Structures are given as structure tokens and as C-alpha cells.
Amino acid sequence: FFLPQMRRSACIARQNFPRVSRSFVTRSTFHSAPVACFYKQPALYLDQHRYCQSFSQPFNPQTGFQQNTNTPQNNQNSDFMVELGDDMVMSVSRFKGFVIVHLRQYYYKEQERKPGKGVTLTPADLDKLEDYFDDIDADLHRLSSEQGDFAKKFDWVLSNSRNVSVHMRQSVPYVHFEYNSQKGKKFIDITAEQYGTLKHILPQVKERAKALKDDILQSSTLYQVPLSDWTEAKVLKLGEKFFVDIRKTPSPESTIPRNGISIRYEEWETLISNLEPLYKAISQGDLSYSLNLNVNRKVSLNHYKDNWYVVIREYFFVDGKTEPIPGKKGINMRMEEWQKFTEEIANLTN
């Protein structure tokens with residue numbers, strides 16, 4: 001059988017990297033039968049990432065895509081693109097102040113490369129996907145000895161609207177990404193070979209997504225104030241929307257994620273309009289106090305190890321449970337942090 005040849009068509013960060021390829025033959029097994037495998041070694045290896053500024057660049061059959069010197073190092077607005085093979089591309093870009101990771105199949109029309117169907121992922125989805133690598137590998141191994149068509153056996157949840165699974169079609173196993181967007185269901189299937197490439201380059205994709213997110217936050221911060229040595233509040237403008245972002249700030253060498261929450265404009269209006277009842281609950285130590293900012297976000301009080309906290313947190317419901325479960329998005333502010341926060345409410349609002 002023949003493995004699909006990776007297309008040598010993209011902009012190469014290393015301009016002097018030679019475009020050479022060679023064929024070789026080796027022995028392998030396919031469904032327990034020895035076969036001779038002819039491989040076309042790709043001209044670009046996994047660690048040679050391709051950077052392209054736009055999704056549609058002129059294509060020349062002799063020279064490939066035109067060289068683009070606007071790499072992410074020189075242009076922070078450009079896309080970071082990595083070939084997974086057979087015109088399957090993983091890219092990182094910004095959209096309305098947010099970092100979006102695309103997994104998309106490209107096609108050719110009139111000698112021009114165009115984006116086709118695909119799904120979008122968030123940086124948080126990549127973290128969940130990485131946690132599922134062992135499970136996905138085990139499911140691919142389970143199907144490696146099968147033939148025919150097999151529906152998915154497991155669904156691994158990446159977020160509320162995204163999941164990943166493994167299935168087989170015409171004896172070929174695929175990793176299936178699905179996104180239930182407001183415009184309908186979107187999906188993309190990648191082969192086991194493309195999935196292997198994705199695993200290899202995922203650390204670089206995550207690093208680029210983090211750098212782009214930090215750049216967006218730095219350029220979109222309108223006001224910033226420390227609440228303590230480890231907590232800060234910011235006013236952010238992402239696209240046309242405003243947020244009050246309250247977040248822990250771990251040390252640079254820490255691997256702990258920056259826990260916190262971004263309060264939307266409407267939620268902020270609800271909070272500052274109900275400060276008096278909140279002050280009263282704090283003075284009375286009323287642990288039953290609750291203020292709904294949204295259908296799944298609320299403000300409450302907590303007492304833990306002789307410390308009082310004002311808690312702003314997002315909740316979600318699990319099937320079979322009547323009470324909401326606290327999620328990861330949220331912040332617990334000590335009383336001294338809350339006092340500093342209330343002193344800055346006017347500045348944050350303005």
C-alpha cells in the first residue's frame with residue numbers, strides 16, 4: 001500500500017532549506033500480512049513549520065507557494081500554520097480579540113489553494129486533547145486489527161460544544177473532531193498519520209497560541225490594578241466587547257494556570273448595582289448570600305480556614321445532578337483583596 005505523500009506546498013521559515021526528496025522501500029505488515037511499502041520521503045520534516053500570512057496564496061507548480069518573509073516573528077497578526085499532510089493544516093490566529101486554533105482541510109481551485117471544511121478549537125481545548133492522547137492511541141490500536149466500518153465507541157469531551165472520537169471507514173481509522181456551533185454541526189476527520197503529526201507539533205502550537213494570547217491581552221488592556229501580590233484586576237477590550245478580568249498572577253516559573261474569570265459588561269452592571277446587599281451579607285457573615293450575574297455565574301461568600309472570601313464563579317450542570325457544580329472559571333478574593341477591589345470599582349467602571 002502507498003502512504004499519502006505530504007505536499008510540498010507552503011511558505012518555509014527556513015528559506016535556504018533544500019527541497020529534496022527520495023524514495024525508499026522497506027518491509028512492513030498490514031493486517032498481519034507482510035507487504036512491501038514504498039514511501040516518498042517528504043521534503044519537509046515535522047519540525048520545519050510553515051508560516052503563511054494569508055490562506056490563499058498564488059500557487060506555481062514548479063516553485064510551490066510564493067515565499068512569504070512575514071513570519072510570526074515579524075508580523076504578530078499573521079497566521080501560524082503547520083502542515084499535517086495531504087493538505088490538512090493546523091493554524092493559530094486571532095479573531096475579534098480571541099485566539100482561535102483551526103484544523104482545516106485545504107483544496108485547490110484554479111491553481112489556488114483554498115480553505116475547505118474544518119473545525120475551530122480554543123487553547124483550552126488543546127490542553128484537554130493532550131490529556132486524551134493515551135485514550136485515543138488505545139482506541140486507534142484497537143481498530144488497527146479490524147477491517148470495514150466501525151462507529152465511534154467513546155466520546156472525549158473537549159468543551160461544552162466540542163468533542164473528539166475515533167471511528168473507522170472503509171478499513172481506515174480516523175480521529176474525528178466535532179464542533180456544535182450556533183450555525184450547526186461542523187466536523188473534520190484526520191488520519192492516524194495526520195494525528196501522529198498533530199501530536200508531535202502540538203507543543204509548538206500551544207506555545208504559539210500562548211504567545212498570541214499574551215500579545216492580545218497586553219495590547220487590549222485599558223486599565224490594570226494589583227489587588228494583592230498575587231491577584232490583579234484589568235479592564236480588557238476584546239473586539240468590540242469590554243470585560244473586567246480578575247485573575248491570579250503566579251510567579252513566572254510556576255506551571256499553575258492563571259485562575260480567574262472575565263466579567264462581561266452586563267454582569268458587571270449587575271454586580272455594581274447590588275453592592276449594598278453584598279456589603280450587608282459580608283458584615284453579617286451570611287453564607288447563604290447569592291447574587292446571580294448570569295444563568296451560570298454567581299457571587300457568593302465562603303469561609304475557609306479562618307478566612308472570608310468573596311467568590312465569583314461559573315457553574316455548570318451535570319446529568320443526574322440537581323445542584324450546579326462549580327467550574328474552573330472563577331476567583332476567590334480575600335477580604336483585603338475585596339476591599340482594594342471596591343476602592344477601584346469607580347476606576348474600573350470608568
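Glu178 comes out as buried, at 12% relative accessibility. This is a predicted model, and its charged side chains are the topic here.

Glu178 has a partner: its side chain meets that of Lys185 in a salt bridge, 3.7 Å from N to O. The cut-off for such a contact is 4 Å, so the pair counts as a salt bridge. Lys185 sits on the other side of the burial scale, since 55% relative accessibility makes it exposed. So here's a salt bridge with a buried Glu178 and an exposed Lys185.

How many salt bridges does the structure hold? The count is 20. Side chains of opposite charge can pair when their charged atoms come close.

Next up is Arg142, which forms a salt bridge with Asp139, with 2.7 Å between the closest N and O atoms. Both residues belong to helix H2, which covers residues 133–143. They are three residues apart, or about one turn of the helix. Asp139 has a relative accessible area of 3%, so it counts as buried. Arg142, at 29%, is partly exposed.

Then there's Glu314, which pairs with Arg297 through a salt bridge whose closest N and O atoms are 2.9 Å apart. This one links distant parts of the chain: Glu314 is in strand S20 (residues 307–316) and Arg297 in strand S19 (residues 297–304), with their positions 17 residues apart. Are these two residues buried or exposed? Glu314 is buried at 18% relative accessible area, and Arg297 is buried too, at 6%. The pair also belongs to something wider, a network of salt bridges that links Arg264, Glu267, Arg297 and Glu314.

Here are the three pairs side by side:

| Pair | N to O distance | Relative accessible area |
|---|---|---|
| Arg142 and Asp139 | 2.7 Å | Arg142 29%, Asp139 3% |
| Lys185 and Glu178 | 3.7 Å | Lys185 55%, Glu178 12% |
| Glu314 and Arg297 | 2.9 Å | Glu314 18%, Arg297 6% |

Now for charges without a salt-bridge partner. Where do Lys96, Lys183, Lys186 and Lys241 gather? They form a patch of positive charge on the surface. A patch takes in residues with over 30% relative accessible area and no salt bridge, and like charges are joined within 9 Å. Lys241 is one of the four, and its place is in strand S16, residues 241–248. With a relative accessible area of 56%, Lys241 is exposed, so it clears the 30% cut-off for a patch.

How values were computed
Residues numbered from 1 in each chain as written. Predicted model: local features only at pLDDT ≥ 70, side-chain atom pairs only at ≥ 80, totals over all residues. Heavy atoms only, no water. Patch = residues over 30% accessible without salt bridge, like charges linked within 9 Å, V, L, I, M, F, W, Y side chains within 5 Å. Areas by Shrake-Rupley, 256 points an atom, 1.4 Å probe, with all protein chains shown as cover. Lys, Arg positive; Asp, Glu negative; His and termini not counted. Charge placed at Lys NZ, Arg CZ, Asp CG, Glu CD. Helix = DSSP H or I, 4+ residues; strand = E, 2+ residues; numbered from the N terminus. Buried < 20%, exposed > 50% of the residue type's maximum accessible area, 1.4 Å probe, protein only.
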